[in-house]
Amino acid sequence: MSPKAIKAVRYFVDYAGLAAFLATLAITRSAVTASWAIVAGSVLALLVGFVLERRLAPMPLVTAVLGLIFGGLTIFFHDERFIKVKPTILYTAFGLFLITGALRGKNPLKVLMGDAFHLPDPVVRTLTLRYALFFFALALANEAVWRTQSTLTWGVFKFPGTPILIFLFALSQAPLMMKHMPDEEPADGKPPTDVP
């Protein structure tokens, strides 16, 4: 698969369930009914990702599993509070994972990034702490929105609101990352010739 196709598949895996949830919520105005969409969308997204990439990415997998659990509870008990509290639990879990790893002297953010970034350990620890605090803030924001706003407003906050906030936060960390990103030079010291 080409890099563009891989990127498209990953976007689909990340956002198909959420898009299906929001569309159904906008039409039915019922988080219980929309939970059917997020359950079906999450399963479909994981299947597509597995078939096309032969792997299950950790973060979308965790998100999908929680979507299935809380979507299922919402449907079973006919209580939309379950699906509304799911992001709070998810973001709190991400924050705890990051901050616990950092306190144990590990670099959990580096584990999630893999070889995508080559940054010094102190910079990764700073980013880990910032991302942990950001996820805790998202958890608090989700609680505030679902408890004080309409279900549709909460749905828009969930998607596309939260992905936009995550993107903007990641963008705000770019200067720190760029400042400490090592210069990549070919082994022979010559500039690369395959750059378009």
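Okay, a definition to start: when I say helix, I mean a DSSP run of H or I with at least four residues, numbered from the N terminus. With that in hand, reading this protein along its sequence gives α-α-α-α-α-α-α-α. That's eight helices and zero strands. And please keep in mind that this is a predicted model.

Some overall figures, then. The protein has 196 residues, and 36% of them are buried. About 11,600 Å² is exposed, with carbon and sulfur atoms supplying 69% of that area. If you take the contacts with a separation of 6 or more, 68% of them join residues 24 or more positions apart.

Now let's look at a helix pair, α4 and α7. Helix α7 covers residues 151–172, and its axis comes within 11 Å of the α4 axis, the two crossing at roughly 35°. The crossing of α4 past α7 is left-handed. So which residues of α4 and α7 meet? On the α4 side you have Ile 83, Lys 84, Lys 86, Pro 87 and Tyr 91, and on the α7 side Thr 151, Trp 154, Lys 158 and Thr 162.

Let me pick two lysines out of that list. Lys 84 sits in helix α4. Is Lys 84 buried or exposed? Its relative accessibility is 4%, so Lys 84 counts as buried. As for what's around Lys 84, leaving out residues up to four places away in sequence, it touches Asn 142, Trp 146, Thr 151 and Trp 154.

The other lysine is Lys 158, one of the α7 residues in that α4 contact. Its charged end sits over the ring of Phe 21, 5.8 Å from the ring centre. So have a look at that one on the screen.

While we're on α7, there's a peptide bond to point out. The bond from Phe 159 to Pro 160 is cis, and omega is near 15°. Pro 160 itself lies in helix α7, so you'll find this cis bond by going to that helix.

Next, the aromatics. A search of the whole structure turns up nine aromatic pairs. One of them is Phe 94 with Phe 135, a tilted pair with 5.3 Å centre to centre and 55° between the planes. Where in the chain do these two come from? Phe 94 is in helix α4, residues 81–103, and Phe 135 is in helix α6, residues 121–148, so this pair links distant parts of the chain, 41 residues apart. Both Phe 94 and Phe 135 are buried.

That pair also belongs to a group. Tyr 91, Phe 94, Tyr 131, Phe 134, Phe 135 and Phe 169 form one aromatic cluster. Remember Tyr 91 from the helix pair: it's among the α4 residues that meet α7.

Let's walk around a few residues in α6 and α7. Arg 130 is in helix α6, and with a relative accessibility of 36% it counts as partly exposed. Setting aside its neighbours within four places in sequence, Arg 130 is in contact with Phe 169, Gln 173 and Leu 176, and Phe 169 is one of the cluster members I just named. Arg 130 and Ile 99 are 31 residues apart in sequence, with 9.3 Å between their C-alpha atoms.

Another cluster member, Tyr 131, has its C-alpha 8.8 Å from that of Ala 170, 39 residues away in sequence. Ala 170 is placed in helix α7, and it is partly exposed, with a relative accessible area of 29%.

Back in α6 there's Ala 141. At 25% relative accessibility, Ala 141 counts as partly exposed too. Its C-alpha lies 9.4 Å from the C-alpha of Phe 157, 16 residues apart along the chain.

Last stop, the backbone in two loops. Arg 29 is in the loop between α1 (3–28) and α2 (31–53). Phi of Arg 29 is near 60°, positive even though the residue is not glycine. What about the exposure of Arg 29? The relative accessible area is 54%, so Arg 29 is exposed.

His 78 is in the loop between α3 (58–77) and α4. This residue is not a glycine either, and it has a positive phi of about 55°. His 78 is exposed, with a relative accessible area of 62%.

That's my tour, happy to take questions.

Notes:
Residues numbered from 1 in each chain as written. Predicted model: local features only at pLDDT ≥ 70, side-chain atom pairs only at ≥ 80, totals over all residues. Heavy atoms only, no water. Phe/Tyr/Trp six-rings, centres within 6.5 Å; stacked < 30°, edge-to-face > 60°. Buried < 20%, exposed > 50% of the residue type's maximum accessible area, 1.4 Å probe, protein only. Lys NZ or Arg CZ within 6 Å of the ring centre and 35° of its normal. Contact = heavy atoms within 4.5 Å. Areas by Shrake-Rupley, 256 points an atom, 1.4 Å probe, with all protein chains shown as cover. Axes fitted to C-alpha atoms, helices over the stretch in contact; angles between N-to-C directions. Left-handed = near helix turned anticlockwise from the far one by under 90°.
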